[in-house]
Amino acid sequence: MSEFEWSEAMSVGVQALDSDHKCLVRIINLLHGIHDSGEASKTVEMVLDTLMLYGRFHFAREEKVLEACEYPGTTFHKAEHQGFARYITTLRERYGRKADSEMAAELLEYLSGWLRHHILIQDMAFKPYVLGVNRVDEIARAAGPPLLDLQLQ
Ligand SMILES: [Fe+2]
Ligand SMILES: [Fe+2]
């Protein structure tokens, strides 16, 4: 499994949302190239916890944007986000504290698959709606700066 890469084709037309997506990609990629099982169990736990926190922050931001754009699929989209939170909780129960490097690689594949699909299919569906709204990035940023913009190393 190679690293998950964000590409321009994944841009949803709102800079703060793209930055969040890049950040989620980076969090997931921390699972890449783990060979030691001690490292695997700690990293898996940290990645799942961070994804849950940053995922919630991102979803709240994105849902504000969807409401501002009067996106007709908002209710369904929110349910998809809630499904992700449940999915992470299940993975946390299954893998937390007992993951080895093979499980880390498996998890990298699952999480990359979910996020890629969600961005390319579900998030992309609202792109035409955000393009018509003024100051949409400002609306998105009202939730706080995307972590990626803080230039943390
Ligand atoms: Fe979304
Ligand atoms: Fe998103």
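Helices are DSSP runs of H or I with at least four residues, numbered from the N terminus. The legends below refer to a predicted model.

**Figure 1. The segment after α6, with P145 at the centre of the view.** P145 is found in the segment that comes after α6 (136–141). This proline is exposed, because 10 other C-beta atoms lie within 10 Å and a residue counts as exposed at 12 or fewer. P145 and D20 are 125 residues apart along the chain, and their C-alpha atoms are separated by 9.2 Å.

**Figure 2. Overall fold of the protein chain, an arrangement of six helices.** The protein chain contains six helices and zero strands, giving the pattern α-α-α-α-α-α when read along the sequence. The C-alpha trace spans about 50 × 30 × 25 Å along its principal axes. The radius of gyration is 16 Å, which agrees with the value near 15 Å for a compact globule of 153 residues. Of the contacts with a separation of 6 or more, 83% are accounted for by residues 24 or more positions apart. Buried residues make up 31% of the 153 residues.

**Figure 3. The largest nonpolar core, with 22 residues.** In soluble globular proteins, nonpolar side chains tend to be buried together. Within this core, the residues that touch the most other members are L24, I28, L31, V44, V47, A104 and L107. Two or more residues are given to the core by each of α1 (15–29), α2 (37–68), α3 (74–95) and α4 (101–123). The most comes from α4, with six residues.

**Figure 4. Surroundings of V47, and a further core.** Leaving aside residues up to four places away in sequence, V47 touches I27, I28, L30 and L31. Apart from the largest core lies another core, of 12 residues, including L17, F126, V130 and A140.

**Figure 5. Packing of α1 against α4.** Two packed helices are described by the angle between their axes and the distance between the axes. For α1 and α4 the angle is about 170 degrees, and the axes are 10 Å apart. Angles over 145 degrees count as roughly antiparallel, and α1 and α4 are therefore roughly antiparallel to each other. The crossing in which α1 passes α4 is left-handed. On the α1 side of the contact are H21, L24, V25 and I28, which meet L108, L111, S112, L115 and I119 in α4. Among these residues, L24 and I28 also belong to those touching the most other members of the largest nonpolar core.

Notes:
Residues numbered from 1 in each chain as written. Chains lettered and ligands numbered in written order. Predicted model: local features only at pLDDT ≥ 70, side-chain atom pairs only at ≥ 80, totals over all residues. Rg over C-alpha atoms; globule rule 2.2 N^0.38 Å. Buried ≥ 20, exposed ≤ 12 C-beta atoms within 10 Å, placed from the backbone. Contact = placed C-beta atoms within 7 Å. Core = buried A, V, L, I, M, F, W, Y, C linked by C-beta atoms within 7 Å. Axes fitted to C-alpha atoms, helices over the stretch in contact; angles between N-to-C directions. Parallel < 35°, antiparallel > 145°, perpendicular 65-115°, else oblique. Left-handed = near helix turned anticlockwise from the far one by under 90°.
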